[in-house]
Amino acid sequence: MYLGDGLTFVISGLFVMYTKSSYAYLQVLGGLTVLCCAYLMMTFPESPKFLYSKGRYDELKVSFETIKKWNRVKDEDANVDQLVQDLKDAKHGQANRQSSFFKDLKILYNSREHRRSLTAVVGLWIYAAFNYYLIGYYVKYFPGDVFVNFMTMTVAEVLAPITLRLVQGRWPIQMVYRNLQYGCAISAFLYILNQHYGWVSIVPALILLIRIFVKSLYSLGYYANGKLFPTLVKTSIFSLTNGVGRPFSALSTIVNEYTSHPGEIFLATSLLFSLLSPLFPSSDNTEQELDKIQEKSEAENKLNKTHST
(Lines give C-alpha, C1' and ligand atoms only; values in the text may rest on other atoms or scores of the structure.)
Protein backbone atom coordinates (compact mmCIF):
# COMPACT_ATOMS: atom_id res chain seq x y z
CA MET A 1 0.00 0.00 0.00
CA TYR A 2 2.72 2.47 1.01
CA LEU A 3 4.81 1.48 -1.99
CA GLY A 4 1.89 2.21 -4.31
CA ASP A 5 1.12 5.53 -2.62
CA GLY A 6 4.70 6.72 -2.90
CA LEU A 7 5.21 5.58 -6.48
CA THR A 8 2.01 7.33 -7.55
CA PHE A 9 3.41 10.71 -6.54
CA VAL A 10 6.85 9.96 -7.96
CA ILE A 11 5.45 8.92 -11.36
CA SER A 12 3.11 11.93 -11.43
CA GLY A 13 5.99 14.29 -10.65
CA LEU A 14 8.29 12.78 -13.28
CA PHE A 15 5.47 12.92 -15.83
CA VAL A 16 5.06 16.67 -15.35
CA MET A 17 8.80 17.32 -15.06
CA TYR A 18 9.82 15.63 -18.31
CA THR A 19 6.75 16.06 -20.52
CA LYS A 20 4.57 18.95 -21.62
CA SER A 21 1.46 16.81 -21.57
CA SER A 22 -1.70 17.75 -19.73
CA TYR A 23 -2.70 16.26 -16.42
CA ALA A 24 -5.75 14.88 -18.27
CA TYR A 25 -3.69 11.89 -19.43
CA LEU A 26 -2.81 11.05 -15.84
CA GLN A 27 -6.46 11.41 -14.84
CA VAL A 28 -7.52 8.98 -17.58
CA LEU A 29 -4.85 6.50 -16.49
CA GLY A 30 -5.97 6.87 -12.88
CA GLY A 31 -9.59 6.29 -13.85
CA LEU A 32 -8.70 3.12 -15.76
CA THR A 33 -6.78 1.70 -12.81
CA VAL A 34 -9.76 2.40 -10.53
CA LEU A 35 -12.05 0.49 -12.92
CA CYS A 36 -9.59 -2.42 -12.97
CA CYS A 37 -9.44 -2.45 -9.18
CA ALA A 38 -13.24 -2.34 -8.95
CA TYR A 39 -13.50 -5.37 -11.24
CA LEU A 40 -10.85 -7.26 -9.26
CA MET A 41 -12.61 -6.46 -5.98
CA MET A 42 -15.78 -8.10 -7.30
CA THR A 43 -13.85 -11.26 -8.14
CA PHE A 44 -12.04 -11.48 -4.79
CA PRO A 45 -13.43 -13.87 -2.18
CA GLU A 46 -14.90 -12.38 0.99
CA SER A 47 -12.54 -11.97 3.95
CA PRO A 48 -12.20 -15.26 5.90
CA LYS A 49 -12.17 -13.26 9.15
CA PHE A 50 -15.52 -11.67 8.29
CA LEU A 51 -17.08 -14.99 7.25
CA TYR A 52 -15.80 -16.62 10.42
CA SER A 53 -17.25 -13.85 12.59
CA LYS A 54 -20.66 -14.38 10.92
CA GLY A 55 -20.55 -18.18 11.14
CA ARG A 56 -20.76 -18.63 7.34
CA TYR A 57 -18.55 -21.70 7.23
CA ASP A 58 -19.45 -22.97 3.75
CA GLU A 59 -18.38 -19.64 2.25
CA LEU A 60 -15.37 -19.62 4.56
CA LYS A 61 -14.24 -22.93 3.08
CA VAL A 62 -14.57 -21.55 -0.47
CA SER A 63 -12.62 -18.45 0.50
CA PHE A 64 -9.79 -20.54 1.98
CA GLU A 65 -9.72 -22.77 -1.09
CA THR A 66 -9.38 -19.72 -3.36
CA ILE A 67 -6.59 -18.26 -1.24
CA LYS A 68 -4.82 -21.61 -1.20
CA LYS A 69 -5.06 -21.85 -4.98
CA TRP A 70 -3.70 -18.34 -5.56
CA ASN A 71 -0.78 -18.97 -3.21
CA ARG A 72 -0.08 -22.38 -4.76
CA VAL A 73 -0.32 -24.19 -1.44
CA LYS A 74 -0.32 -27.98 -1.69
CA ASP A 75 -3.18 -30.02 -0.23
CA GLU A 76 -0.86 -31.82 2.18
CA ASP A 77 0.37 -28.48 3.54
CA ALA A 78 -3.08 -27.04 4.25
CA ASN A 79 -6.16 -29.12 5.00
CA VAL A 80 -9.01 -26.66 4.53
CA ASP A 81 -11.68 -28.99 5.94
CA GLN A 82 -9.70 -29.47 9.14
CA LEU A 83 -8.98 -25.76 9.40
CA VAL A 84 -12.66 -24.86 9.10
CA GLN A 85 -13.57 -27.51 11.67
CA ASP A 86 -10.97 -26.17 14.10
CA LEU A 87 -12.39 -22.67 13.65
CA LYS A 88 -15.89 -24.01 14.34
CA ASP A 89 -14.67 -25.60 17.56
CA ALA A 90 -12.90 -22.40 18.58
CA LYS A 91 -16.04 -20.37 17.83
CA HIS A 92 -18.10 -22.71 19.97
CA GLY A 93 -15.63 -22.35 22.83
CA GLN A 94 -15.91 -18.57 22.63
CA ALA A 95 -19.71 -18.49 22.37
CA ASN A 96 -20.04 -16.68 25.68
CA ARG A 97 -17.27 -14.20 24.88
CA GLN A 98 -18.79 -11.45 22.75
CA SER A 99 -16.37 -8.73 21.75
CA SER A 100 -17.32 -5.10 22.31
CA PHE A 101 -15.25 -1.92 22.39
CA PHE A 102 -15.59 -1.07 26.09
CA LYS A 103 -15.41 -4.67 27.20
CA ASP A 104 -12.21 -5.19 25.24
CA LEU A 105 -10.64 -2.09 26.79
CA LYS A 106 -11.64 -3.24 30.26
CA ILE A 107 -10.03 -6.64 29.70
CA LEU A 108 -6.83 -5.00 28.47
CA TYR A 109 -6.78 -2.60 31.40
CA ASN A 110 -6.90 -5.53 33.84
CA SER A 111 -3.64 -6.87 32.38
CA ARG A 112 -0.56 -4.87 33.37
CA GLU A 113 1.35 -5.90 30.25
CA HIS A 114 -1.51 -4.99 27.93
CA ARG A 115 -2.13 -1.76 29.81
CA ARG A 116 1.48 -0.69 29.28
CA SER A 117 1.40 -1.70 25.62
CA LEU A 118 -1.86 0.18 25.05
CA THR A 119 -0.45 3.36 26.60
CA ALA A 120 2.68 3.07 24.44
CA VAL A 121 0.77 2.44 21.20
CA VAL A 122 -1.65 5.33 21.80
CA GLY A 123 1.37 7.59 22.38
CA LEU A 124 3.00 6.26 19.21
CA TRP A 125 -0.09 7.08 17.16
CA ILE A 126 -0.36 10.59 18.62
CA TYR A 127 3.29 11.33 17.88
CA ALA A 128 3.29 9.82 14.38
CA ALA A 129 0.00 11.41 13.31
CA PHE A 130 1.06 14.85 14.55
CA ASN A 131 4.59 14.99 13.16
CA TYR A 132 3.81 13.18 9.90
CA TYR A 133 1.51 15.99 8.83
CA LEU A 134 3.44 18.76 10.58
CA ILE A 135 6.56 18.06 8.52
CA GLY A 136 4.60 17.12 5.41
CA TYR A 137 2.71 20.40 5.23
CA TYR A 138 5.75 22.47 6.20
CA VAL A 139 7.82 21.18 3.26
CA LYS A 140 6.36 23.98 1.13
CA TYR A 141 8.30 26.44 3.31
CA PHE A 142 11.63 24.60 3.06
CA PRO A 143 14.36 26.47 1.16
CA GLY A 144 15.35 25.33 -2.32
CA ASP A 145 13.31 23.98 -5.22
CA VAL A 146 9.86 23.17 -3.87
CA PHE A 147 9.26 20.62 -6.64
CA VAL A 148 12.46 18.72 -5.81
CA ASN A 149 11.60 18.87 -2.11
CA PHE A 150 8.18 17.32 -2.64
CA MET A 151 9.59 14.68 -4.97
CA THR A 152 12.15 13.78 -2.30
CA MET A 153 9.38 13.48 0.26
CA THR A 154 7.43 11.06 -1.94
CA VAL A 155 10.53 8.93 -2.50
CA ALA A 156 10.78 8.64 1.29
CA GLU A 157 7.19 7.32 1.30
CA VAL A 158 8.48 4.34 -0.67
CA LEU A 159 11.69 3.82 1.31
CA ALA A 160 10.16 4.09 4.80
CA PRO A 161 8.06 0.86 4.81
CA ILE A 162 10.96 -1.00 3.21
CA THR A 163 13.26 0.26 5.98
CA LEU A 164 10.78 -0.80 8.65
CA ARG A 165 10.35 -4.22 7.08
CA LEU A 166 14.09 -4.81 7.20
CA VAL A 167 14.32 -4.24 10.95
CA GLN A 168 10.97 -5.30 12.39
CA GLY A 169 11.69 -8.99 11.98
CA ARG A 170 15.12 -8.72 13.62
CA TRP A 171 14.40 -6.33 16.50
CA PRO A 172 11.53 -6.29 19.01
CA ILE A 173 9.09 -3.39 18.74
CA GLN A 174 10.63 -1.66 21.76
CA MET A 175 14.03 -1.45 20.06
CA VAL A 176 12.56 -0.40 16.71
CA TYR A 177 10.53 2.36 18.36
CA ARG A 178 13.45 3.64 20.44
CA ASN A 179 15.86 3.77 17.50
CA LEU A 180 13.34 5.46 15.21
CA GLN A 181 12.65 8.09 17.87
CA TYR A 182 16.38 8.73 18.24
CA GLY A 183 16.56 9.07 14.45
CA CYS A 184 13.71 11.60 14.52
CA ALA A 185 15.43 13.61 17.27
CA ILE A 186 18.74 13.68 15.37
CA SER A 187 17.08 14.69 12.10
CA ALA A 188 15.09 17.40 13.93
CA PHE A 189 18.33 18.75 15.41
CA LEU A 190 19.92 18.82 11.95
CA TYR A 191 16.89 20.65 10.60
CA ILE A 192 17.21 23.31 13.32
CA LEU A 193 20.89 23.76 12.43
CA ASN A 194 19.95 24.09 8.78
CA GLN A 195 17.46 26.83 9.65
CA HIS A 196 20.27 28.84 11.23
CA TYR A 197 23.00 28.21 8.66
CA GLY A 198 20.92 27.90 5.46
CA TRP A 199 22.51 24.82 3.87
CA VAL A 200 20.16 24.76 0.89
CA SER A 201 22.10 22.04 -0.90
CA ILE A 202 21.40 19.43 1.80
CA VAL A 203 17.68 20.19 2.18
CA PRO A 204 16.51 17.24 -0.02
CA ALA A 205 18.71 14.82 1.95
CA LEU A 206 17.35 16.27 5.18
CA ILE A 207 13.76 15.88 4.00
CA LEU A 208 14.50 12.28 3.01
CA LEU A 209 15.96 11.54 6.44
CA ILE A 210 13.13 13.15 8.40
CA ARG A 211 10.39 11.59 6.32
CA ILE A 212 11.82 8.08 6.46
CA PHE A 213 11.98 8.13 10.26
CA VAL A 214 8.54 9.70 10.76
CA LYS A 215 6.83 7.53 8.14
CA SER A 216 8.46 4.41 9.60
CA LEU A 217 6.98 5.29 12.99
CA TYR A 218 3.59 5.81 11.39
CA SER A 219 3.83 2.35 9.80
CA LEU A 220 5.05 0.92 13.10
CA GLY A 221 1.74 2.00 14.65
CA TYR A 222 -0.15 -0.37 12.35
CA TYR A 223 2.35 -3.15 12.98
CA ALA A 224 2.21 -2.70 16.76
CA ASN A 225 -1.60 -2.81 16.75
CA GLY A 226 -1.51 -6.24 15.19
CA LYS A 227 1.48 -7.57 17.07
CA LEU A 228 0.98 -6.57 20.70
CA PHE A 229 -2.65 -7.47 21.35
CA PRO A 230 -4.82 -10.63 21.23
CA THR A 231 -6.73 -11.36 18.05
CA LEU A 232 -10.16 -10.81 19.55
CA VAL A 233 -9.51 -7.18 20.56
CA LYS A 234 -7.42 -5.95 17.62
CA THR A 235 -10.35 -4.21 15.92
CA SER A 236 -11.19 -2.30 19.09
CA ILE A 237 -7.55 -1.33 19.57
CA PHE A 238 -7.29 -0.01 16.03
CA SER A 239 -10.50 2.01 16.50
CA LEU A 240 -9.09 3.57 19.67
CA THR A 241 -5.57 4.34 18.46
CA ASN A 242 -6.63 5.59 15.04
CA GLY A 243 -9.44 7.63 16.57
CA VAL A 244 -7.09 9.27 19.07
CA GLY A 245 -4.40 9.95 16.47
CA ARG A 246 -6.58 11.60 13.81
CA PRO A 247 -7.39 14.80 15.75
CA PHE A 248 -3.65 15.35 16.18
CA SER A 249 -3.26 15.11 12.40
CA ALA A 250 -5.71 17.99 12.06
CA LEU A 251 -4.00 19.89 14.88
CA SER A 252 -0.60 19.65 13.20
CA THR A 253 -1.88 21.26 9.99
CA ILE A 254 -3.09 24.22 12.06
CA VAL A 255 0.11 24.45 14.10
CA ASN A 256 2.42 24.60 11.07
CA GLU A 257 0.54 27.64 9.73
CA TYR A 258 1.08 29.60 12.94
CA THR A 259 4.61 28.65 13.92
CA SER A 260 8.02 29.46 12.52
CA HIS A 261 9.70 26.80 14.65
CA PRO A 262 8.51 23.39 13.41
CA GLY A 263 11.97 21.92 13.98
CA GLU A 264 11.88 22.79 17.67
CA ILE A 265 8.40 21.27 18.02
CA PHE A 266 9.55 18.17 16.15
CA LEU A 267 12.62 17.80 18.40
CA ALA A 268 10.69 18.38 21.63
CA THR A 269 7.97 15.84 20.79
CA SER A 270 10.57 13.30 19.66
CA LEU A 271 12.43 13.52 22.97
CA LEU A 272 9.19 13.51 24.97
CA PHE A 273 7.62 10.51 23.28
CA SER A 274 10.88 8.54 23.33
CA LEU A 275 10.17 8.15 27.06
CA LEU A 276 7.39 5.72 26.12
CA SER A 277 9.96 3.19 24.92
CA PRO A 278 10.13 1.18 28.22
CA LEU A 279 6.36 0.62 28.06
CA PHE A 280 6.73 -1.55 24.98
CA PRO A 281 7.49 -5.23 25.71
CA SER A 282 11.19 -6.06 25.44
CA SER A 283 10.33 -9.07 23.29
CA ASP A 284 7.44 -9.68 20.90
CA ASN A 285 4.92 -12.26 22.11
CA THR A 286 3.36 -14.83 19.81
CA GLU A 287 -0.40 -14.94 19.20
CA GLN A 288 -0.68 -17.89 21.59
CA GLU A 289 1.16 -16.02 24.36
CA LEU A 290 -1.06 -12.97 23.89
CA ASP A 291 -4.20 -15.10 24.09
CA LYS A 292 -2.91 -16.71 27.31
CA ILE A 293 -2.31 -13.27 28.81
CA GLN A 294 -5.87 -12.31 27.93
CA GLU A 295 -7.32 -15.53 29.35
CA LYS A 296 -5.37 -15.01 32.57
CA SER A 297 -6.66 -11.44 32.82
CA GLU A 298 -10.27 -12.58 32.32
CA ALA A 299 -9.84 -15.33 34.93
CA GLU A 300 -8.39 -12.88 37.45
CA ASN A 301 -11.23 -10.48 36.78
CA LYS A 302 -13.84 -13.18 37.42
CA LEU A 303 -12.03 -14.23 40.60
CA ASN A 304 -11.99 -10.66 41.87
CA LYS A 305 -15.73 -10.34 41.24
CA THR A 306 -16.34 -13.60 43.12
CA HIS A 307 -14.33 -12.39 46.13
CA SER A 308 -16.10 -9.02 46.15
CA THR A 309 -19.51 -10.73 46.36
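These legends accompany several close-up views of a predicted model.

**View 1. Helix α7 from end to end.**
Welcome to helix α7, which runs over residues 112-138. With 27 residues at 1.5 Å a residue, α7 should span 39 Å, and its end C-alpha atoms are indeed 39 Å apart, so the expected and computed lengths agree. The helix is mostly covered, with 20 of its 27 residues buried.

**View 2. W125 meets Y222.**
Aromatic pairs number 14 when the whole structure is searched. One of them joins W125 and Y222: the ring centres lie 4.9 Å apart and the planes stand at 65 degrees, so this pair is edge-to-face. Have a look at where the two partners come from: W125 belongs to helix α7 and Y222 to helix α10 (residues 203-227), so the contact ties together parts that are 97 residues apart in sequence. W125 is buried, at a relative accessible area of 3%, whereas Y222 is partly exposed at 29%.

**View 3. Y132 beside Y133.**
Here the view turns to a pair of tyrosines, Y132 and Y133. Their ring centres are 4.9 Å apart and their planes meet at 85 degrees; because that angle is over 60 degrees, the pair counts as edge-to-face. Y132 is buried, with 11% relative accessible area, while Y133 is partly exposed at 25%.

**View 4. The aromatic cluster.**
Step back a little and the rings of the two previous views turn up again in one group. W125, Y132, Y133, Y137, Y218, Y222 and F238 form one aromatic cluster. Both edge-to-face pairs, W125 with Y222 and Y132 with Y133, have their members in this cluster.

**View 5. Charges over the rings.**
Two tyrosines of the cluster, Y132 and Y218, are shown here with basic partners. R211 places its charged end over the ring of Y132, at 4.0 Å from the ring centre. K215 does likewise with Y218, its charged end sitting over the ring at 5.8 Å from the centre. Recall that Y132, the partner of R211, is itself buried, at 11% relative accessible area.

**View 6. Two cysteines, C36 and C184.**
The last view is about cysteine. A disulfide is a covalent bond between the sulfur atoms of two cysteines. For a pair to count, the sulfur atoms must lie within 2.5 Å, and by this rule the model has zero disulfides. As for their surroundings, C36 is partly exposed, with 48% relative accessibility, and C184 is buried, at a relative accessible area of 0%.

Definitions and conventions:
Residues numbered from 1 in each chain as written. Predicted model: local features only at pLDDT ≥ 70, side-chain atom pairs only at ≥ 80, totals over all residues. Heavy atoms only, no water. Buried < 20%, exposed > 50% of the residue type's maximum accessible area, 1.4 Å probe, protein only. Helix = DSSP H or I, 4+ residues; strand = E, 2+ residues; numbered from the N terminus. Expected span 1.5 Å × (residues − 1). Phe/Tyr/Trp six-rings, centres within 6.5 Å; stacked < 30°, edge-to-face > 60°. Lys NZ or Arg CZ within 6 Å of the ring centre and 35° of its normal.
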